[in-house]
Amino acid sequence: MNHKTMRQIVFLLLMLPLLLSAQTHYEGQISVGGKAGATLSRVNFNPTVQQTMLPGMTAGVMFRYIEEKNFGLIAELNLAQRGWKENMEESDYNYSHRFTCIELPIMTHIFFGNQRVKGFFNLGPELNVLVGDGISSNFDYENARTMEYFLNNSRHVEQLTMKVKNRLDYGICAGAGMELNLNAKHSLLLEGRFYYGLTDVFPNHKTDIFSSSNSMTIMVTLGYMYRLK
């Protein structure tokens with residue numbers, strides 16, 4: 001699937017809530033809230049880089065508009081940690097590159113259940129802005145090419161010192177979870193979500209080492225919603 005097709009899918013996901021809401025005439029409910037949780041992320045390099053999931057944190061605010069008939073729209077503004085951690089088995093070396101991002105997902109919100117407990121699915125496009133990145137390592141990664149461990153294991157080392165090219169990223173996110181209504185105004189939400197970025201983090205020209213380097217993140221969050229209307 002090429003990038004043009006993926007952009008078309010993102011556009012359709014963005015327009016879907018507006019198109020569906022235009023076909024209904026129910027009185028809407030408006031809620032605001034906050035959320036916090038943990039992330040597990042990696043960068044999908046091509047050629048492959050040996051890595052494990054990098055743990056991090058996320059927190060943000062939510063705005064939700066829902067219809068009475070199991071449908072709504074949810075938008076968020078989050079701060080999240082992403083990146084990757086090198087997998088260096090049989091060694092004491094460690095290296096991780098962590099990104100700090102501002103996220104803006106706008107998703108279709110589909111829910112079902114009763115007045116007390118609801119299940120839900122969220123799906124839609126997401127825009128990300130990289131506002132910071134940092135490296136944590138216990139060896140001289142700038143000279144890794146000369147180190148015996150990397151020479152013996154034929155590992156890629158270019159990514160260890162590579163500078164971020166694209167600080168603006170967009171992609172697709174999808175999540176599922178449960179909502180517990182404490183009363184008419186207050187509710188708690190537990191959600192698991194997956195994000196797949198469509199923009200390469202690092203340079204991807206024909207002369208570059210990596211032809212792709214897009215982000216993938218798993219998030220688990222606990223949220224609180226307050227109903228305004």
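User: Hello! Is T221 buried or exposed in this model?
Analyst: Happy to help; keep in mind that this model is predicted. T221 has a relative accessibility of 8%, and anything under 20% falls in the lowest class. T221 therefore counts as buried.

User: Which strand holds T221?
Analyst: The surroundings of T221 include contacts with K35, T58 and L189, among others farther than four places away in sequence. T221 itself belongs to a strand that covers residues 212–227. That strand is β9.

User: How many degrees lie between the planes of W84 and F202?
Analyst: The structure holds 12 aromatic pairs. One of them joins W84 and F202, with 5.9 Å centre to centre. Planes over 60 degrees apart count as edge-to-face, and this pair is edge-to-face at 90 degrees.

User: How many residues apart in sequence are the parts that this pair ties together?
Analyst: W84 sits in strand β4, while F202 is in the loop between β8 and β9. W84 is buried at 0% relative accessibility, and F202 is buried at 0% too. Because the two rings come from these separate places, the pair ties together parts whose separation in sequence is 118 residues.

User: Which aromatic cluster includes W84 and F202?
Analyst: Both rings belong to one aromatic cluster. Its members are F45, W84, Y95, F99, Y141, F202 and F210.

User: Over the ring of which residue does the charged end of R82 sit?
Analyst: The charged end of R82 lies 4.1 Å from the centre of a ring, and a charge can count as over a ring within 6 Å if the angle also fits. The ring belongs to Y195.

Methods:
Residues numbered from 1 in each chain as written. Predicted model: local features only at pLDDT ≥ 70, side-chain atom pairs only at ≥ 80, totals over all residues. Heavy atoms only, no water. Helix = DSSP H or I, 4+ residues; strand = E, 2+ residues; numbered from the N terminus. Buried < 20%, exposed > 50% of the residue type's maximum accessible area, 1.4 Å probe, protein only. Contact = heavy atoms within 4.5 Å. Phe/Tyr/Trp six-rings, centres within 6.5 Å; stacked < 30°, edge-to-face > 60°. Lys NZ or Arg CZ within 6 Å of the ring centre and 35° of its normal.
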